[in-house]
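User: I'd like to learn how to read a protein model with you, one feature at a time. Could you walk me through it?

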Amino acid sequence: MSDRITSWHPNPSKPGYTPPAGAVDAHCHVFGPMAQFPFSPKAKYLPEDAGPDMLFALRDHLGFEKNVIVQASCHGTDNAATLDAIAKSNGKARGVAVVDPAISEDELAKLHEGGIRGIRFNFLKRLVDNAPKDKFLEVAQRLPKGWHVVIYFEADILEEMRPFMEAIPVPLVVDHMGRPDVTQGPDGPDMRAFRSLLESRDDIWFKPTCPDRLDARKEGGMGDPWDNFAKAVAPLVADYPDRCIWGTDWPHPNMQDEVPDDGHVVDMIPRIAPTPELQTKLLVANPNRLYWAEQT
Ligand SMILES: O=C(O)/C=C(\CC(=O)C(=O)O)C(=O)O
């Protein structure tokens, strides 16, 4: 792979919306720097460097206080770049790792020391080569106290994933709501299936995130300002206000053909969480319960 991609906006606008004090960008990534943190040989995309300095500058520009850095698939199971960014955050970042399911207890303990509070199971075939459910279930049985599992899958496999999710003995956080087709609206089959999942366990959380992905023009959506996303997602946040966390998804892996303006992404927040109470739950109380539990 020769051409490295740039999937983030060079000069994002200032949002019209001001997040509350203590707001957490609870889904973002770092890429490299590649010279120090090489990408996985199995990476499905090769990004330009997008390191902690850029992430923290964006955090401040958008009005957030903390980050949850989710290991991006381009780094495979080498969490060094994510751990390095957490270490440089002055306590303002925690993380979600991607691990080899055979990882030892000692290695899990070291990840906890480094600010990790969960592991990610990625089932997107365009991002990872394999996702061994049996091995994932084994490691999910022996995570450090207080950890959770972040899971990423597409809506068309939600039903087949339910027995696997049911067997996971720790809280689950579903990335980007399992990618429902937001053009179906709030009562379409995808959202109904996702609500059924949420009703099945009260410790299944979700991220009402990625309007730029889920309502992208290239996906048949409307593009910015992502009205389909706002219409489909706001009722979900209203109905499950204590089980959702939000993130920018910066540096927006693979969005180089429709790069979102992060200021516009942030301005989706009051459209899906229209009251200060909902915004405080989404951006402050809920992510702190999951990632800074020792301080809540
Ligand atoms: O590509 C997507 O649909 C979403 C991604 C990319 C990703 O998960 C990864 O590269 O690990 C995201 O959540 O940032």
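Analyst: Happy to; we will go from confidence to the sheet, the cores and a few single residues.

User: What average pLDDT does the protein have?

Analyst: Start with a general caution: where pLDDT is low, the predicted coordinates should not be read in detail. This is a predicted model, and the protein averages a pLDDT of 97, with 99% of the residues scoring at least 70. For the complex, the predictor gives an ipTM of 0.91 and a pTM of 0.97.

User: What does UniProt place at residues 24-291?

Analyst: The unreviewed UniProt entry puts the feature "domain: Amidohydrolase-related" there. Over residues 24-291 the chain is 37% helix and 12% strand, and the C-alpha atoms at the two ends are 10 Å apart.

User: On to the sheet. What is the order of its strands, and is the pairing parallel or antiparallel?

Analyst: The general idea is that strands of a sheet pair through backbone hydrogen bonds, in either a parallel or an antiparallel way. Here, 7 strands form an open sheet in the order S1-S2-S3-S4-S5-S6-S7, with parallel pairing. At the edges are strand S1 (24-28) and strand S7 (204-206), each pairing on one side only. On average, neighbouring strands of this sheet are turned by 25° against each other, direction ignored.

User: How many bridges join S1 to strand S2?

Analyst: There are 3 bridges between S1 and strand S2 (residues 66-70), and the two run parallel. You can find one by eye: Cys28 has Ile69 in S2 as its bridge partner. Further along, S3 and S4 also pair in the parallel sense over 3 bridges, and Gly95 stands opposite Ile116 in S4.

User: How many residues of strand S4 are buried?

Analyst: In strand S4 (residues 116-122), 7 of its 7 residues are buried.

User: Which residues of H2 are buried, and what covers them?

Analyst: A general point helps with helices: an α-helix has 3.6 residues a turn, so residues three or four places apart point the same way. In H2, the buried residues are Ala81, Thr82, Asp84, Ala85 and Ile86. Their cover includes helix H1 (52-62), S2, S3 and S4.

User: Which residues have the most contacts inside the largest nonpolar core?

Analyst: Look for Phe121, Ile151, Phe153 and Phe206; this core has 84 residues. Helix H8 gives the most to it, with 6 residues. Apart from it lies another core of 12 residues, including Val68, Val70, Trp205 and Trp292. To see what surrounds Phe153, leave aside its neighbours within four places in sequence: its contacts then include Phe123, Leu124, Met161 and Arg179.

User: Now a single residue. Why does Phe229 count as buried?

Analyst: Phe229 counts as buried because its relative accessibility is 0%, and the cut-off is under 20%. Its place is in helix H8 (residues 227-239). Beyond its neighbours within four places in sequence, Phe229 is in contact with residues including Met177, Pro208, Asp215 and Met268. Asp215 is 14 residues from Phe229 in sequence, yet their C-alpha atoms are 5.9 Å apart.

User: And Asn90: is it buried or exposed?

Analyst: Asn90 counts as exposed because its relative accessibility is 72%, where exposed means over 50%. You will find Asn90 in the loop between helix H2 (80-87) and strand S3 (93-97). For a sense of distance, Asn90 and Arg271 are 181 residues apart in sequence and 31 Å apart in space, C-alpha to C-alpha.

Definitions and conventions: Residues are numbered from 1 along each chain as its sequence is written. This is a predicted model: local features need pLDDT of at least 70, side-chain atom pairs count only at pLDDT 80 or more; totals for chains, interfaces and linings use all residues. Side-chain values use heavy atoms; hydrogens and water are left out. Two strands pair if DSSP finds at least two bridges between them. Helices (H or I, at least four residues) and strands (E, at least two) are DSSP runs, numbered from the N terminus. Axes are lines fitted to C-alpha atoms, for helices over the stretch in contact, and angles run from 0 to 180 degrees between N-to-C directions. Buried means under 20% relative accessible area, exposed over 50%, partly exposed in between (1.4 Å probe, protein chains only). Contact means heavy atoms within 4.5 Å. UniProt positions are given in the numbering used here, feature names are shortened, and annotations may be inferred rather than shown by experiment. pLDDT is the predictor's confidence in each residue, from 0 to 100. A nonpolar core is a set of buried Ala, Val, Leu, Ile, Met, Phe, Trp, Tyr and Cys residues joined through side-chain atoms within 4.5 Å.
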